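Biologist: Let's go through some labels and ask what earns each one. Can you show me the model?

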Amino acid sequence: MSTGSNDTPALLDVSDVSKSFGAVQVLRSVSLQVGRGEVVAVIGPSGSGKTTLLRCVNFLESYDSGSIRIDGKEVGFRETGTRQRRGERDLAAMRAETGMVFQSFNLFPHLTAAGNIMLGLRKVRGKSEAEARSIAEHWLGRVGLAHKADSLPAELSGGQQQRVGIARAVAMEPKILLLDEITSALDPELVGEVLAVVRSLAEDGMTMLMVTHEMAFARDASSRIVFMADGCVNAVGPPKEILAAETTNERLRTFLARFRASHF
Amino acid sequence: MLTQIAYALPFLAQGFALTLWVSLLVVVLSLIAGVLLGVGLVYGPAPLRWAVRIFSDTIRGIPILVLMFFVYYGLPAIGLHLPSFWAAVLALTLFKTAQVVEYLRGAVGSIPKGQSEAAMAIGLTFRQRLAYVIFPQAFRRFLPPWINGVTDAVKGSALVSLLGITDLMQAINQVIGRTYEAMPLYILGAVIYFAVNYALSLASRRLERRFSFIRE
């Protein structure tokens, strides 16, 4: 497992990325590597740029400078050195290499649980109806929802919807899975079932980059934690190091103290 | 009264067919143009958005009748001579297109941004996102005002009689010109228009029910 050092090329290589929304600079030359099979958690106060960073990785957001590479390939821009945005088809193909799970699930309400998973398999991966269906059923089984294949999202609980959201993302066999605060919109009693799915994916060796407020989960499931503040990567390290109460990093200590005060 | 109606019916049949033909042309052409322009208004680059916005606001601000006279009597001034039938169809289509643009904008705009993002995230192209994610959801919102617009188109087609085209309305007027019996004929005309539009709204109610399973 890579620890972000340069001995093996990282699967995800974010290098010197900056981005502004108007006058507000949300990312300030952020660099970050995620190795194959690694699980990296991004924590930090709201407004620190965590979610924006994640959305840049699959180019839901563009960025002003720097580069983001997955498996050595530039995600959003053509490899011509002119920072020319990729064309629509090209971009879609690149995005299919990453999976994303959203805070608000974003399931397609007009499709069943299986239909949600099958759409990308059919239209992007070009699989037959039967093949897509069997892959969808396999993943629904993995997330414990085999019996809900033909339910519409509106008929599922939040935790169930989010598990379908995860199944929809991983069924595409992405190189990396991006998780954007996936338990933040859930009732507390439903968080556990979703995290259990993420943990089992991690055990399978799925590469993941997750923005999370679940410190205990970040500690247990991730190999490294990235602490972001003010659009910068403020600290990176193994969970034990980052979440240590006696850290000398003032910014991190304040964040953790405030976090502990409000969550424990 | 029944004898007058029986006398008029054969004359009206041809006019009625023309009314249906004009309505169908206007509805189909405006649906195609309106959806394309509406997509341009919602997703297009700024210049296209402005162009569609100006088109839609201008057209909707002009009475259909003025628009129709403008196309028929005005355009020849710039060298565009349209036969009265096509001038009428063009004017009605322009008007309806502007409405369809607004229905589409409203319907597509009501779909949360997360739907597009989720569709992007699994690698769907723009067209695929529209076809499989956005339009199926927007359809339910689009349908009721659009069907209303279709009935408006049928009613509005009566204006083509003012360019001397023998639609149902004009046919009624011609029969009255011969018989001097206005009331039975106008009642008959009203009943025919009503029957068409009532059938349309029944059909739309069935369609809406079919798509009501989609909950937010």
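Biologist: What makes helix H5 (residues 158-170) of chain A roughly parallel or roughly antiparallel to S6(A)?
Modeller: H5(A) lies across S6 and strand S7 (176-180) of chain A, at about 175° to S6(A). Angles run from 0 to 180 degrees between N-to-C directions, using axes fitted to C-alpha atoms (for helices, over the stretch in contact). Under 35 is roughly parallel, over 145 roughly antiparallel, 65 to 115 roughly perpendicular and the rest oblique, so H5(A) is roughly antiparallel to S6(A). Mind you, this is a predicted model: local features need pLDDT of at least 70 and side-chain atom pairs 80 or more, while totals for chains, interfaces and linings use all residues. Residues count from 1 along each chain as written, with chains lettered from A and ligands numbered from 1 in written order.

Biologist: Why are S6(A) and S10(A) called edge strands?
Modeller: In the open six-stranded sheet, ordered S6-S7-S8-S3-S9-S10 with mixed pairing, strand S6 (98-101) and strand S10 (232-237) of chain A each pair on one side only.

Biologist: How do you know that S3(A) and S8(A) pair?
Modeller: Pairing takes at least two DSSP bridges. Four join strand S3 (residues 39-43) to strand S8 (residues 208-211) of chain A, so they pair, and they run parallel. A:Val42, for one, has A:Val211 as its bridge partner in S8(A).

Biologist: And why are H2(B) and H4(B) called oblique?
Modeller: The axes of helix H2 (residues 46-60) and helix H4 (residues 84-109) of chain B come within 9 Å and cross at roughly 120°. That fits none of the named ranges, so the helices are oblique.

Technical notes:
Helices (H or I, at least four residues) and strands (E, at least two) are DSSP runs, numbered from the N terminus. Two residues are in contact if their C-beta atoms, placed from the backbone, lie within 7 Å.
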